[in-house]
Amino acid sequence: MTIKGNAFVLGATGQIGRAAVRALVADGWEVTAASRRGGRDEGWPAEVRSVAVDRTEEGALAAALGAGTDVLVDVVAYDAGHGRQLTGLAGRIGSAVVISSAAVYQDAQGRGFDTQDEPDGFPDYPLPVPETLGTVAPGDTTYSTRKVALERELLAAGDALPTTLLRAAAVHGPYSPGPRELWFVKRALDGRPVRILAEGGRSVFHPAHVDNIAELVRLAAARPGSRVLNAADPEAPTVAEIGAAIDAAMGVRSETVLFEGPPAKADMVGYTPWTTPRPMVCAMAAAERELGYRPVTGYAASLPGTIEFLAAAVAGRDWREVFPGLARYGVDFFDYAAEDAWLAAR
């Protein structure tokens, strides 16, 4: 195989990073996998070079880059400071691919992910959301504002460091720190016979499998440019459709109980990590046009790997301990007693 060049993946042992390393190696890149501990994924080939890098240490990233790299993939860039860190190394980086988030978008009324908990604060996005839709203002107070600040830094330096920014939707797949699929997978593992869904089960938060994001990384690495692209799966299933797909993949049959409107604040019965009163769906036409992108997997097809990972991760352990990112929702997603009380009162 012809070597395409050198690729340096920062955040390589995270959920997206693992898949990005695999995709780049398969495409002919010599890959350096950088993470805080310098770990490895068992699925990586032996030729992947692992290095320990803490980007917060002065000069650490520059030292790890050495003479430079043809493409740097940054999975863990978070704010304007990280943007400046990368642009400050522009002379040693041919191009970059940086993971951003669909959380940056706002609707025509200025509502976005940061206003969801306010009265009538949930955004009413156009369907699907194009990359041209406005974003929240850059800042340093929330995840969304920090991601916008990161984007602005990198886009402003596009001549010196061509960067593809990938606005990832609801990321899913193995190694997720906050796996939404656990809501259904654990119920199947527990033998829970019913799934109660608010909003009529119609909630949609567009998923993005790590392998599809990795495919976008692979394509962007080979076609440098200064651009912003959405990153999402070929389909955007409703939460009810997700539940049916997971049950089918696990070989279980359960009853789905739907009710209109939001879950009650007191018990949050019917609430899931996907629950929204309005859909969020990302347009993928730009990625198809600019990179020739075609998804490598669909939602249902990707589920076996996710389910296997989740079942092994929670076996004999408290789900909150295993997945603190999911626990941050502040909801007991598996309060079966509250569900039984709700069902009895119907």
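Two strands count as paired here if DSSP finds at least two bridges between them. Keep that in mind for the first stop, and remember throughout that this is a predicted model.

**Stop 1: the sheet**

Select β2 and β3 to begin. They pair in the parallel sense, over four bridges. For one of the contacts across this pairing, pick alanine 34: its bridge partner in β3 is valine 51.

Now widen the selection to the whole sheet. You should have seven strands in an open sheet, paired in parallel, in the order β3-β2-β1-β4-β5-β6-β10. At the edges sit β3 (49–52) and β10 (227–231), each of which pairs on one side only. Ignoring direction, neighbouring strands here are turned against each other by 20 degrees on average.

Add α1 to the view. This helix lies across β1, β2, β4 (69–74) and β5 (93–101). Relative to β2, α1 runs at about 165 degrees.

**Stop 2: leucine 10**

Stay with the sheet and click on leucine 10, which belongs to strand β1 (residues 5–10). Is leucine 10 buried or exposed? Its relative accessibility is 3%, so leucine 10 counts as buried.

Show what surrounds leucine 10. Setting aside the neighbours within four places in sequence, it is in contact with Ala34, Arg55, Leu61, Val73, Asp74, Val75 and Val76. You have already met Ala34, the bridge partner of valine 51 in β3.

For a sense of scale, draw a distance from leucine 10 to glutamate 260. The two are 250 residues apart along the chain, and their C-alpha atoms are separated by 43 Å.

**Stop 3: salt bridges between α1 and α6**

Side chains of opposite charge can pair when their charged atoms come close. There are 22 salt bridges in the structure; a few are worth a look.

Go to aspartate 211 and arginine 22, which form a salt bridge with the closest N and O atoms 3.5 Å apart. Aspartate 211 is in helix α6 (residues 210–222) and arginine 22 in helix α1 (residues 15–26), so this pair ties together parts that are 189 residues apart in sequence. Both ends can be checked on a surface: aspartate 211 is partly exposed at 29% relative accessibility, and arginine 22 is partly exposed too, at 32%.

Next, select aspartate 27 and arginine 218. Their side chains meet in a salt bridge at 3.2 Å, N to O. Here aspartate 27 comes from the loop between α1 and β2 (29–35) and arginine 218 from helix α6, so parts 191 residues apart in sequence are tied together. Aspartate 27 is buried, with a relative accessible area of 15%.

Before moving on, add Lys4 and Glu215 to the selection. Together with Asp27 and Arg218 they are linked in a network of salt bridges.

**Stop 4: helix α12**

Jump to α12 (residues 336–344). Which residues of this helix are buried? They are Tyr336, Ala338 and Glu339. Look down the axis of α12 and you will find these buried residues within an arc of 155 degrees, so they line one face of the helix. Turned away from that buried side is a face carrying the exposed residues Ala337 and Ala344.

What do the buried residues of α12 pack against? Show α5 (182–190) and β8 (194–197), and you have the partners.

There is also a salt bridge to pick out here. The side chains of arginine 192 and aspartate 340 meet at 2.8 Å, N to O. Arginine 192 sits in the loop between α5 and β8 and aspartate 340 in α12, so the pair ties together parts 148 residues apart in sequence. Arginine 192 counts as buried at 11% relative accessibility, whereas aspartate 340 is partly exposed at 39%.

**Stop 5: the aromatic cluster**

Finish by selecting Tyr271, Trp319, Tyr329, Phe333, Phe334 and Tyr336, which form one aromatic cluster. Tyr336 is one of the buried residues you saw on α12.

Centre on tryptophan 319, which is buried at 5% relative accessible area. Its ring and that of phenylalanine 334 have centres 5.3 Å apart and planes at 80 degrees, so the pair is edge-to-face. This pair links helix α10, home of tryptophan 319, with the loop between α11 and α12, where phenylalanine 334 lies 15 residues away. Phenylalanine 334 is itself buried, at 9%, and phenylalanine 333 counts as buried at 3%.

Conventions
Residues numbered from 1 in each chain as written. Predicted model: local features only at pLDDT ≥ 70, side-chain atom pairs only at ≥ 80, totals over all residues. Heavy atoms only, no water. Buried < 20%, exposed > 50% of the residue type's maximum accessible area, 1.4 Å probe, protein only. Helix = DSSP H or I, 4+ residues; strand = E, 2+ residues; numbered from the N terminus. Arc of directions from axis to C-beta. Contact = heavy atoms within 4.5 Å. Salt bridge = Lys/Arg side-chain N within 4 Å of Asp/Glu carboxyl O. Axes fitted to C-alpha atoms, helices over the stretch in contact; angles between N-to-C directions. Phe/Tyr/Trp six-rings, centres within 6.5 Å; stacked < 30°, edge-to-face > 60°.
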